[in-house]
Amino acid sequence: MRDVQTVAAWIAGANKVTVLTGAGISTDSGIPDFRGPNGLWTRNPGSQRLFTLRDYLDDPDIRREAWRIRREHAAWTARPNAAHYALVELENAGKLRAIITQNIDGLHQLAGNSEDIVIEVHGSLYEVECLSCHARTAMSDTLERVAAGEEDPACLRCGGILKAGTISFGQPLVPAVFDAARRAAAECDVFLAVGTSLSVQPVAGLVDVASRRGAKIVIVNAERTPYDGRADARIDGPIGDVLPRLVGEVTTDEPPAASAG
Ligand code: NAD
């Protein structure tokens with residue numbers, strides 16, 4: 001398979017790079033993924049019910065457990081890591097068309113990527129949605145109610161069931177958000193999939209969208225993915241090492257600044 005330098009040369013020669021990120025980019029920040037060796041579901045397959053809309057709607061115990069987990073979520077204290085900062089450098093180098101992220105942790109924005117470049121296809125943990133009237137409110141307000149003793153807080157407007165503003169299994173994506181992601185996949189020269197098992201549709205299918213439009217496909221992930229056969233390059237090294245190296249090779253290609261003397 002191609003090495004880091006080859007991929008860095010593709011990125012250096014590209015005008016538009018679209019990056020698809022998954023939970024694997026945030027494991028170095030202390031947020032476990034789902035399907036990796038230390039993933040939430042690898043360790044506790046039963047926890048998938050917490051992320052399934054039907055179970056969430058039907059079972060108050062699931063909702064109470066989900067709110068307990070949200071209160072303690074690692075995202076509240078996590079800091080971006082070297083891979084997130086590498087993507088900020090890529091944006092500063094003028095190469096980044098978009099970051100399509102399946103993550104809900106807000107770490108790309110916290111690292112410094114522009115809000116309008118980050119497409120959160122699976123929503124955000126920083127918001128709460130009422131599943132009846134669809135009002136959206138700040139997660140911090142609802143977590144205060146949970147801390148004050150409401151184990152399964154209801155919508156203050158209509159009494160409906162509240163859930164994090166994230167996409168659960170069985171819940172459709174927001175069409176406008178997915179359309180923006182599809183455009184970003186279709187309009188790039190290099191499509192870089194980072195830290196994702198590429199097992200959740202329709203997002204994983206964006207690899208095909210980019211590939212059909214002639215983009216180079218690069219997969220950076222420790223484990224195999226169903227899309228490896230479509231990739232022009234696959235790099236399985238740790239993301240926290242690989243991304244800074246990829247971007248470092250691109251940004252050091254630029255001529256050194258003229259000296260003041
Ligand atoms: P996933 O758990 O299915 O796959 C993550 C992949 O990253 C695994 O194949 C794992 O081997 C790899 N990986 C983990 N750490 C790595 C590292 N340091 N270097 C190289 N590879 C590494 O994750 P997914 O494909 O994003 O799908 C899971 C869904 O779960 C997403 O839709 C997302 O919404 C949600 N999720 C989000 C977060 C978050 O926001 N940080 C965390 C867990 C799950």
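The paragraphs below lead from the domains of this predicted model to a sheet, its helices and a pocket.

Residues are numbered from 1 along each chain as its sequence is written, and side-chain values rest on heavy atoms, with hydrogens and water left out. Because the model is predicted, local features need pLDDT of at least 70 and side-chain atom pairs count only at pLDDT 80 or more, while totals for chains, interfaces and linings use all residues.

The domain assignment gives domain 1 (1-31 + 79-122 + 172-251) and domain 2 (37-77 + 123-166), with bounds that come from an automatic or database domain assignment. The C-alpha centres of domain 1 and domain 2 lie 27 Å apart, and 11 residues of domain 1 are in contact with 11 residues of domain 2, where contact means heavy atoms within 4.5 Å.

An open sheet of 3 strands follows the order β5-β4-β6, with antiparallel pairing; strands (E, at least two residues) and helices (H or I, at least four) are DSSP runs numbered from the N terminus, and two strands pair if DSSP finds at least two bridges between them. Since β5 (136-138) and β6 (162-166) stand at the edges with a single partner strand each, one side of each is left without a neighbour in the sheet. On average, neighbouring strands of this sheet are turned by 45 degrees against each other, direction ignored. Strand β4 (residues 123-130) pairs with β6 in the antiparallel sense over 5 bridges, and V128 stands opposite A164 in β6.

Two helices lie across these strands: helix α4 (residues 60-71) across β4 and β6, running at about 50 degrees to β6, and helix α7 (residues 139-147) across β4, β5 and β6, running at about 70 degrees to β5. Such angles run from 0 to 180 degrees between N-to-C directions, with axes fitted to C-alpha atoms, for helices over the stretch in contact.

The second largest pocket holds about 270 Å³ of space, a volume being the space filled by probe spheres set on grid points joined across faces, edges and corners. A pocket is an open set of points, on a 1 Å grid over the protein atoms alone, where a 1.4 Å probe fits, with protein on both sides within 12 Å along at least five of seven lines, and lining residues have an atom within 4 Å of a point. Its lining comprises 17 residues, of which E129, R136, G165, I167 and V174 lie nearest the centre. The elements giving two or more residues to this lining are β4 and β6, and β4 gives the most, with 4 residues. Domain 1 and domain 2 both give residues to the lining of the second largest pocket, so this pocket lies between them.
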